[in-house]
Amino acid sequence: MRGQIFRRRTFVIGGVVLLAVVVAGLLAWRVTRAPDVPTLAFSDFLQQVDQGQVSAVTIAPEGLRVERPDGHRARTIAPPGYVAGNPTFVTMLARHHVRVTVESGAAPDPVTWLLLGLVVAVVGGVGFVAYRSTAGRVAAIESRVAQADPHGAVVTFNDVAGVDEAKDELKGIVEFLREPQKFSVVGGRVPKGVLLVGPPGTGKTLLARSMAGEAGVPFLFASGSDFVEMYAGVGAARVRKLFKDARRHAACIVFIDELDAVGRTRGGHSLSHEEREQTLNQLLVEMDGFAPNRGIVVIGATNRHDILDPALLRPGRFDRQVHVGNPDMRGREAILRVHARRVAIEPGVDLRAIARGTPGFSGAELANLINEAALLAVQAGRAAVTTPDLEAARDKVMMGAERRSLAMSERERATCAIHEAGHAVVAALLPEADPLHKVTIVPRGGALGITMQLPEDDRHTHSREYLEAQLAVLMGGRVAEELFLEQVTSGASNDIERATAIARRMVCEFGMSPLGPLAFRTSGDPLGRPPAGALSEATAELVDAEIRELVMRACGTARQLLDRHRPAVQAVADELLASESIDADGVRALLATAMLPPDQDRNQARAV
Ligand code: ADP
Ligand code: MG
Ligand code: ZN
């Protein structure tokens, strides 16, 4: 709706500006238009006066207007000083019976006056409209603050599902907002700013609102695009106003949606860049300007945190990031249940089955699915939503959204599940590797699946065993594809890249190869390729051979482990296909049931 109003305003202003240009052009033409009377040389004029061919002369500021007895008109210009202050000139004219009139100052004719008045009115009008509309939009932010009053529809954590990790991270902030004084006494560090990062429709706005609902504090909403205006300084003024309101309403939440619209990396030259920079600076100033215990928490949302200005992410600003991703199968089921509360659903409808059939759906799309299903039921005159309604709605939502992630076919999903199971099983079996955290085939970013390991602590030095174990984990994906599918896919390219980089560092920097503890100079290249000419050709060949050896040995380790534990890999892959993600305990449980006694494995893992 805002877009429509905005378009109408642009249209009106455009029309008015066009009118102003036309009128001003007309005016200019009238003033500068060439007179349609001939111009006489002054000497000819004097001669004609002498011959009695001039009946009247008007002395005007721009020159002399001449009239002949036959009614013809002409004009002429006298030499400087010839007319003014020279009474003999007028006397001479009088002697020849010429009627003399004097015109003082330029007296524009009424039409010129009218046009001039119009220009003033139009310019004034444009200014007024512009002022009114920006004032109106500043006021609009105010009214949104009022709407966000907790007495409106209160949203709580119960209305948000499938993002449990994010909720856990945000609970502490809710505690703080409930009792800001308590925290300032205890002196706990409370973040001023939290950045919710994730793709559209995953519930970032909803999470922020539900935090306000949980804490019972006002929710001040603004969108980054509200601050990016064509009039310089307006964005900054709005930021100032927003934080003024926030101080008045504290404790409260200030939510800035689409933070990237203002927070884009600085440095550019266009006008809009300057305006945005001013706005961004104002935001930084405001965030630095209140004490952390004031009870104001600023929550930003973005799906592009990579383009944010680093200044926004510094301590005291948005220094805490919470990732909000697309839900996995369990999450989707939970979200469907949340939204199904609002409609009548026929008993016996299996929402879990719907969740299974909607991989890659965001929370917003699931909410949409339930709405569409309810509409279909109403259209068909049914009192409650049935399974076919839900399935038809799913297809509709799926077609509406361009689903690149969903283009993952059944076959691709199966490949991905085996690949990730390979990583996960190797990681779980090798005690030296970083402990397994979670494995999932929910597509995110560019990756189809991901196996997450959590380093036990920030390691600064790495043992050879640790690095070799990491190599084996990285190779586990590709090796599992070979073993189980007898084919390889391009899905392992990132694994291969990372493994090659590790192996190269082992050889060139850590002295972990038969080439000995020598440093072979590498460049800053992420892949660690040496700069041209740094190594002799023969040495470069040796280095490459050692890197190859390390990676191939890691493949061997992975192959031996996975081959020996085929049932476990298959069980993990099947579970991934069924529920899309498994945590570390889940993987361990599957391993325990599907494999040899753990003792034996440990020994065996060490043996390779
Ligand atoms: P975002 O801000 O991440 O783009 P929104 O919070 O605006 O997403 O989500 C839009 C709507 O989709 C919400 O109002 C809600 O109805 C639904 N929705 C999205 N994510 C969830 C979720 N995790 N749980 C429940 N509903 C959700
Ligand atoms: Mg949103
Ligand atoms: Zn992989």
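Q: Why is the arrangement of the 4 donor atoms around the zinc ion (ligand 3) called irregular?
A: This is a predicted model, where local features need pLDDT of at least 70 and side-chain atom pairs count only at pLDDT 80 or more, while totals for chains, interfaces and linings use all residues. Around the zinc ion (ligand 3), the 4 donor atoms subtend angles that don't fit a regular pattern (four donors are tetrahedral if all angles lie between 85 and 135 degrees, or square planar if opposite donors are over 155 degrees apart and all others between 65 and 115). So the arrangement counts as irregular because those angles run from 51 to 145°.

Q: Which residues supply the protein donors of the zinc ion (ligand 3)?
A: Donors are N, O and S atoms within 2.8 Å of the metal (3.2 Å for Na, K and Ca), and with water not among the atoms, sites may look incomplete. Here the protein donors lie 2.0 to 2.8 Å from the zinc ion. Two NE2 atoms and two OD entries do the job, from His-419, His-423 and Asp-495.

Q: How many residues apart are His-423 and Asp-495?
A: Along the chain, the donors of the zinc ion (ligand 3) follow the spacing H-x3-H-x71-D. His-423 sits in helix 16 (residues 410-429) and Asp-495 in helix 18 (residues 493-508), helices being DSSP runs (H or I, at least four residues) numbered from the N terminus. That pair links distant parts of the chain, with a separation of 72 residues.

Q: Is His-423 buried or exposed?
A: Buried means under 20% relative accessible area, exposed over 50%, and partly exposed in between (1.4 Å probe, protein chains only). Asp-495 has 9%, so Asp-495 is buried. His-423 has a relative accessibility of 5%, so His-423 counts as buried.

Conventions:
Residues are numbered from 1 along each chain as its sequence is written. Chains are lettered from A and ligands numbered from 1 in the order in which they are written. Side-chain values use heavy atoms; hydrogens and water are left out. Four donors count as tetrahedral if all angles lie between 85 and 135 degrees; four count as square planar and six as octahedral if opposite donors are over 155 degrees apart and all others between 65 and 115; anything else is irregular. Helices (H or I, at least four residues) and strands (E, at least two) are DSSP runs, numbered from the N terminus.
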